[in-house]
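Hi there,

Here is the structure I promised to pass on. Have a look at it first, and my notes follow underneath.

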Amino acid sequence: MTEEERIKFEANGLLKLEGALPPATLASVRKAAAEAEAVWRADPSRPGMRGPNREDINAFIEYNDTLLNLLWYEPVVGKVREMLGDDLMMLDNDYFMGLPGKPSIVGWHPDVGVRGIYHPRSTVMVKTFTLLSDVDEKSGATYAIPGSHRFPMDWKFPKVQEPEDMPGWVPFSGKAGDVWVFNGRCYHSASHHRGDRRREVLIVNYGHSWMKVFDGYEPSTAVKAKADGMMKRQILGMGKSWGHTVPADASFDELLKPSDRFPGDGYK
Ligand SMILES: O=C(O)CCC(=O)C(=O)O
């Protein structure tokens, strides 16, 4: 992260990475997402949510390599490593398709509720929201309260009727190709979709390698077979649950490749 990004993330628990997917990358990710969607629609037994207000494809990394590679896309996930620590691991991943004209189905909440941790000083989960469509505050953007990751454990938020009634929120709005990254303890909500275009967002939730990949998101054997570097194995939950973090001096790119430098990484 740059110093500006570090300060913004520490202060707000939120960071917008504008243009994190350059046009050619965005085009290939959009194509890969459309291919995944076609496969998902053709087979109703594939996991996800099928409306009526939102459609989700669970575990999009299972559909093709372009989507899988987003899990360790360095311009974004290199920063997630700095936010969470060297032991980052994927917890879940979904492709959200927010349907125009439909109300929010998720109210205000934090994602992080792990017991035994003093949360105001901890970073337990970091989520990335990769926008595949332009999103504004009227078209179903997620709303979040900057700085709420540091609020005291017993903080009480007001109960509100509509998502927009909560004071202090900012929308995860932006152009296709922008990525929002946030500390999962930040209080956030889905919003009503009052626009006329589908909202398309790829969501990845990262935690620590001592956590468990969420039920239903455990990578398949076929996906695990593609993890040819230490960081890929760790991100896919194939690492040890104790006593190990990747070397802090190793660059993210180095950790993505097979390397003789890590013979005892414990992931073989
Ligand atoms: O943006 C949304 O639709 C809701 C996102 C959310 O609440 C979450 O990912 O936990």
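Please keep in mind that this is a predicted model. I'll begin with Trp155, which is partly exposed at a relative accessible area of 44%. Its ring pairs with that of Phe151 in a tilted arrangement, with 4.5 Å between the centres and 50 degrees between the planes. Phe151 has a relative accessible area of 21%, and because buried means under 20%, Phe151 counts as partly exposed too. Both residues belong to a cluster that ring pairs build together with Trp108, Phe157 and Tyr187. The count of aromatic pairs comes to ten.

Now to the ligand. Its shell includes Arg54, Phe96, His109, Asp111, Lys127 and Thr142, and the shell residues divide into four nonpolar, three polar and four charged. Three side chains have polar atoms beside ligand oxygens: Thr142 at 2.5 Å, His109 at 3.1 Å and Asp111 at 3.1 Å. On its own the ligand would expose 290 Å², and the protein buries 93% of that.

Two arginines place their charged ends over rings. Arg54 sits over Phe96, 3.7 Å from the ring centre, and both of these residues are in the ligand shell. Arg50 does likewise with Trp40, at 3.8 Å.

Finally, the packing. The largest nonpolar core has 59 residues, and Leu71, Tyr206 and Ile235 touch the most other members. A second, separate core holds 20 residues, among them Leu14, Cys186, Phe96 and Tyr187. Phe96 thus turns up again from the ligand shell, and Tyr187 from the ring cluster.

Happy to chat whenever suits you.

Best wishes

Technical notes:
Residues are numbered from 1 along each chain as its sequence is written. This is a predicted model: local features need pLDDT of at least 70, side-chain atom pairs count only at pLDDT 80 or more; totals for chains, interfaces and linings use all residues. Side-chain values use heavy atoms; hydrogens and water are left out. A nonpolar core is a set of buried Ala, Val, Leu, Ile, Met, Phe, Trp, Tyr and Cys residues joined through side-chain atoms within 4.5 Å. Buried means under 20% relative accessible area, exposed over 50%, partly exposed in between (1.4 Å probe, protein chains only). A residue is near a molecule or strand if one of its heavy atoms lies within 4 Å of it. A polar contact is a pair of N or O atoms within 3.5 Å; within protein, one must be able to donate a hydrogen and the other to accept it, and residues adjacent in sequence count only if both atoms are side-chain atoms. Accessible areas come from the Shrake-Rupley method with a 1.4 Å probe; for residues, only the protein chains shown count as cover. Ala, Val, Leu, Ile, Met, Phe, Trp, Tyr, Cys and Pro count as nonpolar, Asp, Glu, Lys and Arg as charged, and the others, Gly among them, as polar. Rings of Phe, Tyr and Trp (its six-membered ring) pair if their centres lie within 6.5 Å; planes under 30 degrees apart count as stacked, over 60 as edge-to-face and the rest as tilted. A charge sits over a ring if NZ of Lys or CZ of Arg is within 6 Å of the ring centre and within 35 degrees of the ring normal.
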